[in-house]
Amino acid sequence: MNNENTYDVTSLTSLEKLEPVRVRPGMYIGSTGSKGLHHCIWEILDNAIDELTNGFGDTAYVILNEDKSVTIIDNGRGIPTGIHPIKKKSGVEMVYTELHTGGKFDNKNYKTSGGLHGVGAAVVNALSEWVEVEVRQGGAVYKQRFEYAYDKALKRKMPGTPVTKLEKVGNTNETGTKVTFKPDKEIFSTIDFKFETIDERLKELAFQNKGITLVFIDKRKEEEIRKEYHSENGLLDFIEYLNESKTPIHKEPILFEGEREIAGLKLYAEVCIQFTDSTTEYIASYVNNIPTTEAGTHESGFKAGMTRAFKEWAKKLGILKEKDKEFEGDDIREGMTAIIKIKLTNPIFEGQTKTKLGNSEAYTMMNDLSYTKLCEWIEDNKDLASMIMKNAVDAAARRDRIKKINDAEKKKIGKGAAPLAGKIAVCTIKDPELCEFIIVEGDSAGGSAKQARDRRFQSVMPSKGKIMNTEKQKLENVLGSEELKIFNAAIGTGVLENYKEEDLRYHKIIIMSDADVDGYHIRTLWMTYIYRYMRHIISNNHLYIALPPLYKVYKNAKGKEIVKYAYSDDDLAEAKKEVGKGSLIQRYKGLGEMNPDQLWETTLNPETRTLQQVTIEDAAKAEKMVSLLMGDVVEPRKNYMYKYAEF
């Protein structure tokens with residue numbers, strides 16, 4: 001037998017302690033990009049907030065340090081420092097070196113908790129260069145340090161190795177935990193924490209956990225930035241914040257809370273709803289403080305209970321007559337902003353990144369709770385409820401009209417009257433995974449792009465200036481827009497609930513606009529349309545922005561032209577250095593100024609271009625931003641423009 005193919009016990013690889021996390025970090029934190037990096041903060045912060053929301057302490061700090069490490073402090077009880085009778089290790093060492101250690105498994109110490117149920121702290125330790133834990137407890141201060149360091153017993157470097165014992169380093173009257181960790185640059189593609197991402201998350205956490213105080217300190221620049229977050233009214237403050245750039249149609253939001261239990265699984269829910277004059281719904285949902293951006297059973301149960309309550313009462317109040325087309329859940333939720341916050345013992349999250357709740361009991365409990373509470377609310381608020389129901393009846397009729405428009409469009413395309421001819425330069429390859437659809441601002445740039453593209457896999461659609469602002473338009477107007485009809489026919493997926501991912505003809509959709517305010521506006525209009533009507537294109541990672549260069553830096557040396565392109569003012573200094581003395585600078589005012597060769601080299605060639613992927617990393621933030629930039633309320637938009645004048 002060939003020795004190379006022998007499969008016996010010596011062929012088996014065993015990963016020790018925290019090594020599995022380091023080998024497959026994506027399984028534990030979702031990704032090793034920016035999202036996974038920030039996930040490390042959330043894991044440690046979740047532990048701190050679990051202490052505060054279970055009644056131990058009231059304040060937590062997140063501090064970004066100059067050396068790219070992060071410190072998280074709380075004034076809870078502190079991680080247990082005693083020695084475990086069987087393991088012969090301190091509680092601190094167990095929590096930071098063992099994947100299933102924590103006080104959250106038996107529900108005696110915590111009614112509910114976020115975090116990865118005891119694996120969060122150990123996962124962060126596994127993915128860090130070093131971690132320092134300081135515990136204030138029982139009148140003393142204890143400290144321990146862990147590093148990615150050589151393990152004598154295993155004869156190799158191991159993640160999360162304790163390099164000191166848990167030592168008493170001082171006395172104190174306070175209690176709490178202070179954790180500082182430095183993410184390992186060998187694991188993460190970036191270790192630059194984004195101020196805006198943390199700011200937005202802390203704001204949300206303060207709204208969800210009224211009464212606690214969160215403090216954010218950024219020490220990375222010369223001038224330290226300090227922000228404090230505190231909400232006395234919880235979800236009422238949150239919904240006001242989310243609807244800041246919309247016009248609510250009733251002043252007092254609908255607010256209800258309640259508890260349910262099935263077979264020992266307990267659920268506590270708090271729900272806040274406000275209807276606005278917008279044409280789209282928005283739901284922000286959370287389980288034990290964790291954003292469930294992919295929804296789940298709690299959200300489905302809420303929708304089912306809400307639809308049932310409003311349908312029953314619409315018949316009772318005579319708003320839904322026999323001859324009327326019955327409205328659906330989508331119709332009743334038109335223009336609704338809702339926040340669903342549940343606390344659940346033993347939640348089951350689908351996927352390690354915890355973005356979708358899987359407990360079937362949560363569906364049953366939320367369905368029952370939402371139905372009961374909304375029936376009570378409708379009985380007490382018949383006038384307002386009747387207006388919402390009448391709007392839903394109108395929405396159902398409109399949906400019917402839209403279906404007819406869509407069906408007529410499909411028939412036209414079936415007969416060969418597709419609106420694509422002459423409008424789009426279509427690629428020859430038909431495999432969606434290889435194909436790119438490029439929306440180019442303006443006819444002149446569109447002409448250059450058609451010449452510059454690789455005809456095999458790049459389709460080009462010149463966009464005539466600015467498309468309509470779909471945030472303000474009724475659905476039938478949006479579906480009637482010629483420009484958007486062309487785009488929809490080319491992409492092939494259908495819109496809203498008719499969207500079918502398997503019909504997508506291009507796995508890369510690229511918006512290519514000038515690097516100026518008009519170009520930014522055009523890009524935002526397209527992103528708004530796709531976000532509202534084909535959101536899966538963004539959530540399934542198909543949408544990109546092409547970043548054209550701002551400058552060409554060049555000179556002739558020994559009969560040969562040396563050229564460098566700069567994509568920002570910072571790049572410009574670097575490009576001038578590289579080209580050397582005597583360099584000339586051309587400032588591009590727009591894509592139309594580039595000849596096809598330059599456009600290919602800088603913006604279209606997959607080998608040399610810069611693309612920025614559009615993600616829905618934070619749905620609440622994306623929702624607020626789209627409404628703020630494209631909505632009717634001027635003041636918040638003006639404030640935003642002043643704040644970010646340099647985009």
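Student: Which residues point one way from β14, and are they buried or exposed?
Tutor: In this predicted model, look along β14 and sort the side chains by direction. In a regular strand the side chains alternate between the two faces of the sheet. Here Thr337, Ile339, Lys341 and Lys343 go one way, and the other way go Met336, Ala338, Ile340, Ile342 and Leu344; all of them are buried.

Student: Why is strand β14 largely enclosed by the rest of the structure?
Tutor: Buried means under 20% relative accessible area. Strand β14 covers residues 336–344, and it is largely enclosed because the buried count there is 9 of the 9 residues.

Student: In what sense do β11 and β14 pair, and which residue stands opposite Met336?
Tutor: Strand β11 spans residues 265–275, and it pairs with β14 over 9 bridges in the antiparallel sense. Opposite Met336 of β14 you'll find Phe275.

Student: And how many bridges link β12 with β14, and what is the bridge partner of Ala284?
Tutor: Strand β12, residues 282–287, runs in the parallel sense with β14, and the pairing has 6 bridges. As for Ala284, its bridge partner in β14 is Ile339.

Student: How far is the sulfur of Cys435 from the closest cysteine sulfur, and why is there no bond?
Tutor: The cut-off for a disulfide is 2.5 Å between the sulfur atoms. The closest cysteine sulfur to that of Cys435 sits in Cys427, and it is too far for a bond because the distance is 3.8 Å.

Student: How many disulfides does a search of the whole structure find?
Tutor: A pair of cysteine sulfurs has to be within 2.5 Å to count. Searching the whole structure gives 0 disulfides.

Definitions and conventions:
Residues numbered from 1 in each chain as written. Predicted model: local features only at pLDDT ≥ 70, side-chain atom pairs only at ≥ 80, totals over all residues. Heavy atoms only, no water. Buried < 20%, exposed > 50% of the residue type's maximum accessible area, 1.4 Å probe, protein only. Helix = DSSP H or I, 4+ residues; strand = E, 2+ residues; numbered from the N terminus. Pairing = 2+ DSSP bridges.
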